[in-house]
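The following exercises concern a single protein model. Each task is followed by a solution in steps.

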Amino acid sequence: MNIIEPIVTCCFCGQSLLFKNAVLISVSLSSNIEEAQGLYAHKSCLDKVLHESIPRLITLPDDE
Ligand SMILES: [Zn+2]
């Protein structure tokens, strides 16, 4: 029996990746934190767009 792993789309490059390997980004307006949107990304794509001065407070997994 094959197990199908959930696939998500990276919000930066548009390519597919396994849900278990994705970074989840939560987006909400500071004026309305009750509404939020979840976005998925490759770790490498997130690293590329974040300015080097922005600290990474969690250890991001390597892309697989
Ligand atoms: Zn990507």
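**Exercise 1.** Determine in which element Ala41 is found, and whether Ala41 is buried or exposed.

*Solution.* Step 1: Ala41 is found in strand S4; strands are DSSP runs of E with at least two residues, helices are runs of H or I with at least four, and both are numbered from the N terminus. Step 2: the model is predicted, so local features need pLDDT of at least 70 and side-chain atom pairs count only at pLDDT 80 or more, whereas totals for chains, interfaces and linings use all residues. Residues are numbered from 1 along each chain as its sequence is written. Step 3: a residue is buried if 20 or more other C-beta atoms, placed from the backbone, lie within 10 Å of its own, exposed if 12 or fewer, and partly exposed in between. Ala41 has 23 C-beta neighbours inside 10 Å and therefore counts as buried.

**Exercise 2.** List the contacts of Ala41, and state which core includes Ala41.

*Solution.* Step 1: two residues are in contact if their C-beta atoms, placed from the backbone, lie within 7 Å. Leaving aside neighbours within four places in sequence, Ala41 contacts Cys10, Cys11, Phe12, Ala22, Val23, Ile25 and Leu46. Step 2: the largest nonpolar core has 6 residues, namely Cys10, Leu17, Ala22, Val23, Tyr40 and Ala41. Such a core is a set of buried Ala, Val, Leu, Ile, Met, Phe, Trp, Tyr and Cys residues joined through C-beta atoms within 7 Å. Step 3: in soluble globular proteins, nonpolar side chains tend to be buried together.

**Exercise 3.** Describe how strand S3 is joined to strand S4.

*Solution.* Step 1: S3 (residues 23-29) and S4 (residues 32-41) run antiparallel and are joined by 6 bridges; pairing requires that DSSP finds at least two bridges between two strands. Step 2: a hairpin of 2 residues connects S3 to S4. Step 3: Val23 has Ala41 as its bridge partner in S4, and Leu29 stands opposite Asn32. Step 4: the C-alpha atoms of Ala41 and Ser31, 10 residues apart along the chain, are separated by 25 Å.

**Exercise 4.** Locate Cys11 and classify its exposure.

*Solution.* Step 1: Cys11 lies in the loop between strand S1 (7-9) and strand S2 (16-18). Step 2: because 19 other C-beta atoms lie within 10 Å, Cys11 is partly exposed. Step 3: not counting residues up to four places away in sequence, Cys11 touches Leu39, Tyr40 and Ala41. The C-alpha atoms of Cys11 and Tyr40, 29 residues apart along the chain, are separated by 5.9 Å.

**Exercise 5.** Characterise the overall fold and the confidence of the model.

*Solution.* Step 1: from the N terminus on, the elements run β-β-β-β-α. The radius of gyration is 14 Å, well over the 11 Å that the globule rule gives for 64 residues, so the protein is more spread out than a compact globule; the radius is taken over C-alpha atoms, and the rule is 2.2 Å times the number of residues to the power 0.38. Step 2: buried residues make up 11% of the 64 residues. Step 3: the mean pLDDT, the predictor's confidence in each residue from 0 to 100, is 90, and 92% of residues reach 70 or more.
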